[in-house]
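Colleague: I would like a close look at a single part of this model, followed by whatever surroundings help to place that part. Please take the space inside the protein as the starting point.

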Amino acid sequence: MERKLATILFADLVGSTAIGGELDPEHTRDLLERFYDAMEHEIALGGGTVEKFIGDAVVAVFGAPAAQEDHAERALQTALWMIERLHELFGDRLALRIGVNSGEVVVGRPREGSSFATGDPVNVAARLEQAAAPGRVLVGERTAALVGAAFELGDPHTVEAKGKAGGVVAHELGRMVAPRRPRGGHGLASAFVGRACELDRLQQVASTDAPRLAMLIGEPGVGKTALVRELRSRLPEGTTFRIGRCLSYGRSVAYSPLADVLRQELGLREEDPALERLAGREILGLTLGLDVAGELEPRAAVLALQDAWVRMVSEIGSRGPAVLVLEDLHWATAPLIELLTRVLADATGPVLILGTTRPDRDGLPAGEALTLEPLGDGEAAELIDRALAAPLDAPARDLVVRRSEGNPFFVEELLSDLLDRGLLVRRNGGWVLRGDGLAVPGSVHALLAARIDLLPPAAKEALQAAAVIGRSFSTAGLSALVGSAAEVRTLVERGFVRATEPELVFKHALTRDVAYGSLPKAERARRHAAHAEWLESVDARDSRAGTLAYHYAEAVNPEIAGLAWRDRAEDAARLRASALRWLRRAAELAVSRFDVDDALALLERAAELTPTDPELWHSIGRVNALKFDGEAFWEAMLKAVELTSEPKELGELYGELAWESTMRGAMWKVAPDDAVAQDWIEQALRLAPPDSRAFGYALMAKAMREDDLPAAQRAVAIAEVLGDLELLSFGLFAHAGLAQQEADFAAASEWARRRLELGQRLNDPDHLALIHWGSATAELGLGHLEAAQEHALRHDAIAARLTPHHAVHALGALLSLDEAAGRWDRLHERTGRTEQAVAANAATPCVYNAYSLLACAAACAALGQDAEAGRLEAEERALGFEGYELWLDPLRARLALIRGDLDRLDALLPGSERWRWVVWHYVTGVAIRLDALVALGRAGEAVEDAERHARPGTYLEPFALRALGIARGDPALVARAQERFKAMGLEWYAAQTRLVS
């Protein structure tokens, strides 16, 4: 049993019932037998398999049981032949209506009176047949996509179909345009890249004095036809150029490429009568499938045809240089090869016969061989951008390059598939990939499946087993699955596998995908189990944790486990336990290297296996907190709460909910309601033991939300008793924040220093990044801008190894220091990086996405770049953050101050007394509020704030002095402010002081 991408043809005889009522049963039976024989012949001619005859209907399958790369084209061509043949037999007395549909089916052992192909595509084909008009063919949507422009198809329309609520999309079939789908299309531009050396060599070979054969050899899709097309454009003017193609099925295929050449030479269309143009050399009509041999014996006719082609090629050569291209010689018949050999030996003139073929075809005439290798990554990237006629964003381009692995056909089909599914969208003059939707396009799947099915059975089984193991595999692992690695040699010789050290590797990832997909899911599960158990028996180290987790999890995938392990409950339970063990361990290791996306994927996979485990949901919540995904954090933690009844464990969950929602309080698109976190604090303090870690975290959340110093002190005491470094570190952070709220920057700096020393004993990079961020904030409060910058750069270096969200945080810290220093030029230089970082973090809500864009807008406004500032503000608004006024309004006020927009400034000021509440931006929030109060003439409020913050040696001292001087009309205070600005290197603020004074 195998899974196949195939095309199903349903045909039903219309009018047979009425005729049957008029005829004797024997005549009716004779009519049906003639119908069966004729249809079976046409289906065989197209390479299809008759699945069954049902009364006066026939069902055929193309692409199964043996895969065919052109199964959709074969099915449609056969449908046209069947209608034509029926008319020849019965005229207008009978008609066929036909439905054709493609899709994935499961092919099993045929049984008497039953189907060997099953799946929804079979049902859809039957529904299309029922909706078709007599004498017409309806084609399903996937078949239409597979054949592209090879056939004329009507506009899509929906037909009613039993069991399909919205009906099914269908196209009415017209005529065949080409025997296979043309390359390109889908809006892609024709592009040729690389191949300079190969092109030069072909041009040299084309300069010949006598008939000569050259062969382009390459894997399917590697670019043989494109190279031929490029060669044609560079041939000297006057060179005769003819091209023909071998066919894999159909009538008169023996000499099909020469038939194309002959028609071009004679100026004949496919439908034109040929004999009158062949006067005196009628024997050439054998090339076209015409019955012109007369009384000649078969062998004599063949020899006469060869003589005629020797004369024909010589005649072509007598007119000057010529190139005859014969494509797809891997499908060449023995008569064609014999004829070519004779032509090369006996014809005359400067004629190059250029053939294209695949590496696994033997027995072709000897000639110069030119093997095409895949494009390099740079060339593939160039091909992508040229095909799209605009650049594709770098991450998406790299993804397509990796998946296509230098095969131009794969590149085009992957891009076409993404365009068809609306996953590539235009943005800012280029293309971006929306989501991660790369799949194996049907055209590529069919091509690779056909190649795989040409393997000997043992080699095919080995390839499928290797695909279960993965992109790379060892001979030992393969032997454990199939009993031997002997077939590896065949797989290497046929170009499926590359022999590397220490393991073998699939030459193309897409080949691995197709080989893997051909296995029934239940069989995959059993093979995954076998490989996992073998691997664990030989190597159960942590370095294999991810691999073991993957194979065990696939073995008990809930989607198929019931079928794979039917009547084997003990095996299923054992495998599930192993899957959970290794998934958890692999997730722990992923967190330790801060690969949070990998950790989440592993834990969520485990949750599919055991969805009622509260500890597992707790772990998922923790990792989502590390990722700063607030909604996912809450969802997982509340799921754990729902599944937990033990008070102590509930207290731990509520404590973590309260703390993370406070410490990472800006990881939602809409700011959460404070009352929710307050309730969690109360629940944790009620349920958690008073000396527990959870109780300590709840106290810290209370301290930070309510400026509650005793709560912070008690949390630190608990941390010291428990020896919990992480809890102690956050307790010190809470103390630093509370000291800052009292404008005691020296105390805040001392708490930050103690925390920094403690950080030497911690190894959590997320925590260390926060420590440096807090240290930068404390140093800024004291006016130590260079020290603050050093900590911000250290924060940035750590964040670069973590998540895109951490990167935005680090950038936000750097931007806030640039703003605090008035270094607008340096801040502006970070604009490009800022927009890239915000785009990379778009999937995770964070107010620093918005904050960073506003900071860049402020820099632009300060530098006089008003249009650019407006654009960045519009980008910030488009992010749609709500409820984060304390983070964002200070920057909006800074922009209003720079622009002199007092109305806007006045509208922003209500609630500004709380701008200092945001720990990371305390001093800039206070400084902007002081400037705003002065600008609006609110002297009393300005004086009150300024007196509180006019502490010598601090960052806020000159801002407070300036506010006091202007509010009181005291030039001496303004002058002192200007001196202090200069002493700290705050030149822009010093210049602003001169302006306002």
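Colleague: Which helix gives the most to the lining of the largest cavity, and with how many residues?

Modeller: Helix H32 gives the most to that lining, with five residues; please keep in mind throughout that this is a predicted model. The largest cavity has a volume of about 120 Å³ and is lined by 13 residues, among which Phe-733, Ala-736, Ala-752, Gly-774 and Ala-778 lie nearest its centre. Two or more lining residues come from each of helix H30 (725–741), helix H31 (745–759) and helix H32 (765–781). By class, the lining of the largest cavity divides into seven nonpolar, five polar and one charged residues.

This cavity is one of 11 in the structure that reach 30 Å³ or more, and the second largest cavity offers a useful counterpart, with a volume of about 70 Å³. The second largest cavity is lined by 13 residues, and Arg-3, Lys-4, Ala-449, Val-514 and Ser-518 are the closest to its centre. At least two residues of the lining are supplied by each of strand S1 (2–14), helix H14 (442–453), helix H15 (457–469) and helix H18, with H14 giving the most, namely four residues. The class make-up of the lining of the second largest cavity is four nonpolar, four polar and five charged residues.

Helix H18 (509–517) also leads to another part of the chain, since the buried residues of helix H12 pack against H18 as well as against helix H11 (377–388), helix H13 (408–420) and strand S16 (430–433). Within H12 (residues 394–404), the buried positions are Ala-396, Arg-397, Leu-399, Val-400, Val-401, Arg-403 and Ser-404. An α-helix has 3.6 residues a turn, so residues three or four places apart point the same way. After H12 comes Glu-405, whose phi is positive, near 50°.

Strand S16, one of the packing partners of H12, pairs with strand S15 (residues 424–427) in the antiparallel sense over four bridges, and Leu-433 in S16 is the bridge partner of Leu-424. Two residues lie between the strands of this hairpin, in which Asn-428 takes a positive phi near 50°.

H12 and S16 appear again around an open space, the second largest pocket, where each gives two or more residues to the lining, as do helix H23 (596–609), helix H34 (804–821), helix H36 (831–840) and helix H38 (866–879). The second largest pocket holds about 1,300 Å³ of space and has 32 lining residues, of which Gln-836, Ala-839, Ala-840, Asn-841 and Ala-842 lie nearest its centre. H36 gives the most to the lining, with five residues, and the classes in the lining are 16 nonpolar, seven polar and nine charged.

Turning from the spaces to the packed interior, the largest nonpolar core has 167 residues, and those with the most contacts inside this core are Tyr-848, Trp-887, Tyr-955, Leu-956, Phe-959 and Leu-986. Helix H37 (residues 847–862) gives the most to the largest core, with 13 residues. Leaving aside residues up to four places away in sequence, Leu-986 touches Leu-785, Ala-820, Ala-821, Tyr-955, Phe-959 and Phe-981. A second core, separate from the largest, has 36 residues and includes Met-215, Cys-246, Leu-278 and Leu-324.

A further element of the picture is an open sheet of three strands in the order S17-S19-S18, with antiparallel pairing. Strand S17 (472–473) and strand S18 (497–499) are the edge strands, each pairing on one side only. Three bridges join S18 to strand S19 (residues 504–506) in the antiparallel sense, and the bridge partner of Val-497 in S19 is Phe-506.

As for the whole chain in which these parts sit, there are 45 helices and 19 strands, and 55% of the 997 residues count as buried. The C-alpha atoms fill a box of roughly 120 × 70 × 60 Å along the principal axes. Among contacts between residues at least 6 apart in sequence, 69% join residues at least 24 apart.

Definitions and conventions: Residues numbered from 1 in each chain as written. Predicted model: local features only at pLDDT ≥ 70, side-chain atom pairs only at ≥ 80, totals over all residues. Heavy atoms only, no water. Pairing = 2+ DSSP bridges. Core = buried A, V, L, I, M, F, W, Y, C linked by side-chain atoms within 4.5 Å. Buried < 20%, exposed > 50% of the residue type's maximum accessible area, 1.4 Å probe, protein only. Contact = heavy atoms within 4.5 Å. 1 Å grid on protein atoms, 1.4 Å probe; cavity = no way out; pocket = protein on both sides within 12 Å on 5 of 7 lines; lining within 4 Å. Points joined across faces, edges and corners; volume = space filled by probe spheres on them. Nonpolar A, V, L, I, M, F, W, Y, C, P; charged D, E, K, R; others polar.
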